[in-house]
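Visitor: Please take me through this one with cut-offs stated. Where should we start?

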Amino acid sequence: YDGTNAVLEADIVQPGLLSSEPSFLVTFGDRLYFSATDHLTGYELWSYDGLNAQQEADIYPGSGDSWARGFCVYCDKLF
């Protein structure tokens with residue numbers, strides 16, 4: 001959102017599914033980190049670099065959720 005218009009920057013869900021439900025957004029370095037789901041691997045850690053969104057890790061392998069959340073930057077590291 002640029003103050004006037006909202007734009008979809010990346011669509012990480014499979015076609016036909018509703019929402020990735022991004023939450024707990026935090027910037028670190030030149031990326032935006034957040035928790036989201038692609039409805040295949042559950043709620044996991046994702047990032048966006050201004051061009052592409054990617055899952056950083058499937059922390060709880062398979063379709064289960066790791067519920068990665070509550071991110072913060074401390075001493076130049078993302079926790």
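Guide: Start with a term: a polar contact is a pair of N or O atoms within 3.5 Å; within protein, one atom must be able to donate a hydrogen and the other to accept it, and residues adjacent in sequence count only if both atoms are side-chain atoms. This is a predicted model, where local features need pLDDT of at least 70, side-chain atom pairs count only at pLDDT 80 or more, and totals for chains, interfaces and linings use all residues. Residues are numbered from 1 along each chain as its sequence is written, and side-chain values use heavy atoms, with hydrogens and water left out.

Visitor: Which side chain has a polar atom 2.9 Å from the backbone nitrogen of leucine 40?

Guide: Take the backbone nitrogen of threonine 41 as well: it lies 2.9 Å from a polar atom of the side chain of aspartate 38. For the backbone nitrogen of leucine 40, the distance is 2.9 Å, and the polar atom again belongs to the side chain of aspartate 38.

Visitor: Where does aspartate 38 lie?

Guide: Strands (E, at least two residues) and helices (H or I, at least four) are DSSP runs, numbered from the N terminus. Strand S2 covers residues 31-37 and strand S3 covers residues 43-48. Aspartate 38 lies in the loop between S2 and S3.

Visitor: How far from aspartate 38 is the nearest side chain of opposite charge?

Guide: Charge here means Lys and Arg positive, Asp and Glu negative, with His and the chain ends not counted. Aspartate 38 is buried (under 20% relative accessible area; exposed is over 50%, partly exposed in between, with a 1.4 Å probe and protein chains only). It has no salt bridge, meaning a side-chain nitrogen of Lys or Arg within 4 Å of a carboxyl oxygen of Asp or Glu. The nearest candidate is arginine 31, at 14 Å.

Visitor: In what order do the 4 strands of the open sheet run?

Guide: Strands pair if DSSP finds at least two bridges between them. The pairing in this sheet is antiparallel. The edges are S1 (23-28) and S4 (53-57), each pairing on one side only. The order is S1-S2-S3-S4.

Visitor: What is the average twist from one strand to the next?

Guide: Axes are lines fitted to C-alpha atoms, for helices over the stretch in contact, and angles run from 0 to 180 degrees between N-to-C directions. From one strand to the next, the twist averages 35 degrees.

Visitor: Which residue in the turn between S2 and S3 has a positive phi?

Guide: S2 and S3 pair over 6 bridges, and threonine 37 has tyrosine 43 in S3 as bridge partner. Their hairpin leaves 5 residues between them. The positive phi, about 65 degrees, belongs to histidine 39.

Visitor: And which residue has a positive phi in the turn between S3 and S4?

Guide: S3 and S4 are joined by 4 bridges. Tryptophan 46 is partnered in S4 by glutamine 55, and leucine 45 by alanine 57. Their hairpin has 4 residues between the strands. With a phi of about 100 degrees, the residue is glycine 50.

Visitor: Why is S3 largely enclosed by the rest of the structure, and how many of its residues are buried?

Guide: Tyrosine 43 is one example, buried at a relative accessible area of 15%. The strand is largely enclosed because the buried count is 6 of the 6 residues.

Visitor: What kind of aromatic pair do phenylalanine 28 and tyrosine 33 form?

Guide: Rings of Phe, Tyr and Trp (its six-membered ring) pair if their centres lie within 6.5 Å; planes under 30 degrees apart count as stacked, over 60 as edge-to-face and the rest as tilted. The structure holds 2 such pairs. Here the centres are 6.3 Å apart and the planes at 55 degrees, so the pair is tilted.

Visitor: What kind of pair do tyrosine 43 and tryptophan 67 form, and how far apart in sequence are the parts tied together?

Guide: The ring centres are 4.6 Å apart and the planes at 15 degrees, so this pair is stacked. Tyrosine 43 lies in S3 and tryptophan 67 in the loop between S4 and S5 (73-74), so the parts tied together are separated in sequence by 24 residues.

Visitor: Which residues do salt bridges that share partners join into one network?

Guide: The search of the whole structure finds 2 salt bridges. Arginine 31 pairs with aspartate 49 at 3.8 Å between the closest N and O atoms, and with glutamate 56 at 3.9 Å, N to O. Joined into one network are Arg31, Asp49 and Glu56.
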